[in-house]
Amino acid sequence: MSGNSIYQPQSPFMRWLERRLPIGGLVYSSFIVYPTPRNLNYWWTFGGILTFMLAVQIVTGVVLAMHYTPHVDFAFNSVEHIMRDVNYGWLLRYLHANGASMFFLAAYIHMFRGMYYGSYKEPREVLWILGVILLLLMIMTGFMGYVLPWGQMSFWAATVITNLFSAIPLVGESIVTWLWGGYAVGEPTLNRFYSLHYLLPFVIAGVVVLHIWALHVAGQNNPTGVEPKTEHETVAFTPYATIKDAFLMAVYCILFAWFVFYVPNFLGHSDNYIPANPAVTPTHIVPEWYYLPFYAILRAIPNKLLGVMALAASILIIAFLPWLDTSPVRSARYRPLYRQFFWVFVIACVGLGWLGSKPPEGNYVLFARIFTAYYFAYFLIILPVLGRVERTKPVPNSITESVLGEGLPIGASAPPPIKA
Amino acid sequence: MLVTTMSSAEPTRRDFLYIATGAVATVGAIGALWPLIAQMNPDASTIAAGAPIEVDLAPIADGQVIKVFWRSKPIYVNHRTKKQIEEAQNVDVAKLPDPQPDSARVKPGHEQWQVLIGICTHLGCIPIAHQGPYDGYFCPCHGSVYDTSGRIRQGPAPLNLALPPYEFVSDTKIRIG
């Protein structure tokens, strides 16, 4: 890292700093001159959007923590105090709550992009697994955050989800008691969830650093799935990717702002405006929308232990994708049959999400089981088999060839882009 | 740094776009930053709790001093004896560390009522009433001595004890704040 010849600082201060802590050179080589495939489309901007949303959640969260009281007798009222008394408290609370939704939406889009273009394939397996770890951390953080307002949904979601661990044979009950810190969800539970909810986002930030590091080792994937062969097939990250990221970030913020300012409670559940009552369970407990697909899978299996295992498996199986997909072709652009199964998978995920919000009866259960079966079959049967039997379209030899057509030497007629 | 390979005498469209984007981003950043800073200012419930309070003077005996809280600050309400009033008035004002006549520290016609903020002007401890060589106030933290008018006489405190805003609603009731 020291003596990085790419970065030549102009100002005396930067020269002084660079010799002692080469952070200028690190930023320069990672985010300014970093070679980025020139054919990336807007689906590649969601990594930047996710980093931005993490920053939003941390900043709004730290600020909300200045006014929130993590005690069962005061938590609900402290949230109302934030909404009514604290300067801009209503804005901070709605930003944080809707920010969580925007965070998960971006994460799911980001993951679907990876699945479509084969971004999980060799040599990006560790990058993909770090991503699954990030998803798990997000799920835990979001769950604990939702408990903090101590509404009816907060309390009963905490009860149901912690009770999942009781399905584990032999040690299950002990684990649940250990999680609760008592005989039921209560004051100890709320306090420890507050502590961990404050902690985990910083763990997420650390894993994000690893995630970006792993990305930079392999380089970005691109819509053709063919690695850049020459310098001409890449552009400097700044200004090209930076501006593309910033643009879609702005558009995404418009969507975010629409929720925050016009329909801030649309994605939430009105029952959470009722203070927690340990004696009365709401008639229809549902988690927030971003957990609904997993919730539907859990409820689709009629056996307690197997349902919990299916829930865990539905997330963990994603980590095995690089080995389950046997196709030598990366991008779905050249895999017409795979593409159809992929879109059915997306429909299955959305369908499971919708079914998760419905009461577990009648046809809802039937379709949840069908979609759950497809979900697992996609990973365990369809992908392994498809990679071996499908007829793929011819993969271009290079990115340039995919744009200009065949018969042209690499980089011959394309003028070099303006480099930083 | 980025435009050096294509420098020209005229500002280009790219320059305009950079400056325009930067300006909008700056305005956006200030707009985003403002609520984050403003939220730390006192909130509506804290401000509401700082409304004026009324103190009934009738139960306070001659020579007695009580302590009330207004806006989280301790306020001494001292029913001064005749001796204390005389000692407060018979002073060479010019020789005081923080010159101020006693008449400026009480309401006219109500010299026996002394209302002051019980926070030492040195580093913020609460001075003890009816203590010290002047039978005024004495701060135990660093030894500041105040007289029966609450004026600093000895010790490190730079200023006299501060006065809260107050008025007499009637002869036996004051409103502080």
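**Domains, folds and cores of chains A and B**

Biologist: In chain B, the domain assignment (bounds from an automatic or database source) gives domain 1 (4-38) and domain 2 (48-176). How far apart do the C-alpha centres of these domains lie?

Modeller: This is a predicted model, in which local features need pLDDT of at least 70 and side-chain atom pairs count only at pLDDT 80 or more, while totals for chains, interfaces and linings use all residues. Residues are numbered from 1 along each chain as its sequence is written; chains are lettered from A and ligands numbered from 1 in the order in which they are written. Between the C-alpha centres of domain 1 and domain 2 of chain B, the separation is 56 Å.

Biologist: What is the radius of gyration of chain B?

Modeller: Chain B has three helices and ten strands, taken as DSSP runs numbered from the N terminus (helices H or I, at least four residues; strands E, at least two). The C-alpha atoms of the chain fill a box of roughly 90 × 35 × 30 Å along the principal axes. For 177 residues the globule rule (2.2 Å times the number of residues to the power 0.38, with the radius taken over C-alpha atoms) gives 16 Å, and chain B lies well over this, so it is more spread out than a compact globule, with a radius of gyration of 27 Å.

Biologist: Which are the edge strands of the open three-stranded sheet in chain B?

Modeller: The order of this sheet is β2-β3-β4 of chain B, with antiparallel pairing; strands pair if DSSP finds at least two bridges between them. Strands that pair on one side only are the edges, here β2 (65-70) and β4 (113-117) of chain B.

Biologist: Which residue of β4(B) stands opposite Ile75(B)?

Modeller: Strand β3 (residues 73-79) of chain B runs antiparallel to β4(B) and is joined to it by five bridges. Opposite Ile75(B), β4(B) places Ile117(B).

Biologist: Which helix of chain A supplies the largest share of the side of domain 1 that touches domain 2?

Modeller: For chain A the assignment gives domain 1 (30-267) and domain 2 (292-394), with C-alpha centres 22 Å apart. Their contact (C-beta atoms, placed from the backbone, within 7 Å) takes 19 residues from domain 1 and 15 residues from domain 2 of chain A. Both α5 and α6 of chain A supply at least two residues on the domain 1 side. The largest share, six residues, comes from α6(A).

Biologist: Which helix gives the most to the largest nonpolar core?

Modeller: A nonpolar core joins buried Ala, Val, Leu, Ile, Met, Phe, Trp, Tyr and Cys residues through C-beta atoms within 7 Å; buried means 20 or more other C-beta atoms within 10 Å of a residue's own, exposed 12 or fewer, and partly exposed in between, with C-beta atoms placed from the backbone. Of the 52 residues in this core, Met53(A), Phe103(A), Ala106(A) and Val147(A) touch the most other members. Helices supplying at least two residues each include α3 (46-64), α9 (187-218) and α10 (237-262) of chain A. With eleven residues, the helix that gives the most is α5(A).

Biologist: How many residues of helix α11 of chain A are buried?

Modeller: Helix α11 (residues 292-300) of chain A is mostly covered. What covers its buried residues includes α12 (304-316), α14 (336-356) and α15 (362-389) of chain A. Among the buried residues are Pro293(A), Phe294(A) and Arg299(A). Of its nine residues, the number buried is nine.

Conventions
Two residues are in contact if their C-beta atoms, placed from the backbone, lie within 7 Å.
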